[in-house]
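The following note is addressed to a colleague who is meeting this structure for the first time. It takes up the cysteines, one helix and the aromatic rings in turn.

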Amino acid sequence: MRASGGFGRRVTSSATAAPVMRPAMAAAAAATAAPVRASAPASPEIESEAAVSSGMFVPWVTTGIMLAIIAVFWAELHYAVTPTKDMAPSLRTIVALGGVSRDLAFGKDEWWRIFTAPLMHGGLDHIVGNGIALFFAALNLERMVGARWLGALFFLGALGGVAGSLIGNPHDMVTVGASGAIMCLLAALIVLSLDSNVVKKPARIQRIAFFLLIPSLAPAAAGTMIDISAHIGGCAMGIVLGFLIQITWKEESDKPGLEGAAGFTSAAGALLSMIGFALVAQHFEASKVHAAANVPDLQLMSEADLPADAKEADKKSSDLVRKFPDDPRAHFFRAVYYLRGQDLTSAQSELRTALSEKRVLDALPASFTATIKIVLAATLVEQGRIDDATTTAKDACDLARDQSDLYDILHRLQAVNVCPTDN
């Protein structure tokens with residue numbers, strides 16, 4: 001259930017979807033910076049860039065996909081198994097209504113989750129961000145290649161995204177979102193835009209598509225918990241299908257070949273999704289019991305809960321720890337507060353508590369865990385505990401080098417040989 005910068009979200013089997021601190025947040029470790037809020041991309045101007053036949057164009061498939069996603073999100077909110085906060089369904093709800101992981105799809109033989117998860121979303125920001133990119137890519141592709149091929153691209157891209165997620169994520173990582181399908185559409189759009197006979201003004205299409213695609217494939221640029229594995233799987237599928245369309249597209253035709261096969265694939269995707277949600281409804285009560293027994297209902301910070309700046313972080317840190325005791329970010333904010341007051345013992349305690357929340361940390365970027373370890377190591381150095389600091393920072397020094405906001409702390413750790421110096 002991870003997206004912003006990206007489009008698909010994931011969470012561990014024991015954590016709800018929540019925003020992730022960007023690398024810039026590491027500046028708080030030096031008590032000089034504040035959390036950064038993620039924002040949805042601006043809506044691009046949509047224009048037809050393809051040669052289309054005369055007559056009014058009605059984007060039936062684009063509209064149908066958008067409506068299906070909205071309807072599923074409404075169902076997530078309406079049939080939530082635990083209270084919904086800030087229009088973000090809890091992990092228990094996600095699991096009960098069709099989220100997918102290796103454990104769920106194969107361990108419990110609930111194969112239908114493969115076809116339901118791509119239409120689900122982890123929150124309002126998630127579905128809005130996905131909707132903007134999806135509308136741009138789908139509308140342009142439906143003009144270019146027709147409704148049948150658009151449906152096929154969406155379905156196969158969704159499967160590619162789920163496959164990437166199941167292969168690349170931990171076995172208990174639950175994922176939802178149309179990320180794979182969106183990446184597939186964007187990648188196919190870029191491939192098709194290379195042919196001037198298909199796209200009259202490719203530069204604009206490519207510019208917007210790359211603007212949406214590139215950040216979604218760069219983990220360091222992500223502002224939330226995005227599922228990079230799903231993005232890669234969907235993108236790879238889009239590249240392959242884009243070239244397949246090019247190869248089968250006859251010069252004398254205004255639409256690509258294999259339309260019959262594309263139409264069958266599109267219809268199969270729609271049918272399998274409907275069957276999937278029918279099975280979700282059939283197994284809903286059992287899934288609720290499973291979720292209640294196996295998925296801790298953790299309370300994590302939402303986007304609105306993140307402090308706007310360092311001053312607000314100091315002011316709110318006590319309340320954040322009280323309201324969100326399972327969220328390592330709350331404990332990190334509190335640790336920074338104590339560091340500002342030179343209370344090293346309390347800061348160390350909060351940092352160790354943050355590191356103990358492995359269920360949540362596994363769903364956050366490794367850079368955040370490295371930040372906590374580096375700050376804890378620096379705290380231990382201040383207490384004269386060089387050996388403990390070296391052990392703590394052992395696997396975090398390399399990641400810290402990629403974070404400019406940790407430069408001063410890393411330099412101090414290198415000075416006492418806690419972290420190796422650059423060669």
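1. A disulfide is here a pair of cysteine sulfur atoms within 2.5 Å. The model is a predicted one, and a search of the whole structure finds one disulfide in it. The partners are C397 and C419, with their sulfur atoms 1.9 Å apart. This distance is within the 2.5 Å cut-off, so the pair counts as a disulfide.

2. Which parts of the chain does this disulfide join? C397 belongs to helix 18 (residues 397-400), while C419 lies in the segment after helix 19 (407-415), so the link ties together parts that are 22 residues apart in sequence. The link of C397 and C419 is left-handed, with an angle of -75° about the S-S bond.

3. Are the two linked cysteines buried or exposed? C397 counts as buried, at 3% relative accessibility. C419 is buried as well, and its relative accessible area is 1%.

4. The cysteines C184 and C235 deserve a separate remark. For C184, the closest cysteine sulfur is that of C235, at 8.7 Å, which is too far for a bond. The converse also holds: the closest cysteine sulfur to that of C235 is in C184, at 8.7 Å. Because a disulfide requires sulfur atoms within 2.5 Å, C184 and C235 are not counted as one. Both residues are nevertheless buried: C184 has a relative accessible area of 0%, and C235 has one of 10%.

5. Helix 19, which precedes the segment that holds C419, merits attention next. Its buried residues are I409, L410, L413 and Q414. Seen down the axis of helix 19, these residues fall within an arc of 140°, so they line one face of the helix. The face turned away from this buried side carries the exposed residues Y407 and A415.

6. What covers the buried residues of helix 19? The cover includes helix 16 (366-382) and helix 18. Helix 18 is also the helix in which C397 lies. After helix 19 comes N417, which has a positive phi, near 65°.

7. The aromatic residues form a further topic. A pair of aromatic rings is described by the distance of the centres and the angle of the planes. A search of the whole structure finds six aromatic pairs. One of them is formed by W111 and F115, whose ring centres are 6.2 Å apart and whose planes stand at 75°, so the pair is edge-to-face. The two partners differ in exposure: W111 is partly exposed, with a relative accessible area of 39%, whereas F115 counts as buried at 14% relative accessibility. W111 and F115 also belong to one aromatic cluster, together with W112 and F155.

8. A second edge-to-face pair consists of F332 and F368, with ring centres 5.8 Å apart and planes at 75°. Where in the chain do F332 and F368 lie? F332 is in helix 13 (residues 328-340) and F368 is in helix 16, so that the pair links distant parts of the chain, 36 residues apart. F332 counts as buried at 1% relative accessibility, and F368 does so at 5%. Helix 16, which holds F368, is also among the elements that cover the buried residues of helix 19.

Key
Residues are numbered from 1 along each chain as its sequence is written. This is a predicted model: local features need pLDDT of at least 70, side-chain atom pairs count only at pLDDT 80 or more; totals for chains, interfaces and linings use all residues. Side-chain values use heavy atoms; hydrogens and water are left out. Helices (H or I, at least four residues) and strands (E, at least two) are DSSP runs, numbered from the N terminus. Buried means under 20% relative accessible area, exposed over 50%, partly exposed in between (1.4 Å probe, protein chains only). The arc is that of the directions from the helix axis to the C-beta atoms. Contact means heavy atoms within 4.5 Å. Rings of Phe, Tyr and Trp (its six-membered ring) pair if their centres lie within 6.5 Å; planes under 30 degrees apart count as stacked, over 60 as edge-to-face and the rest as tilted.
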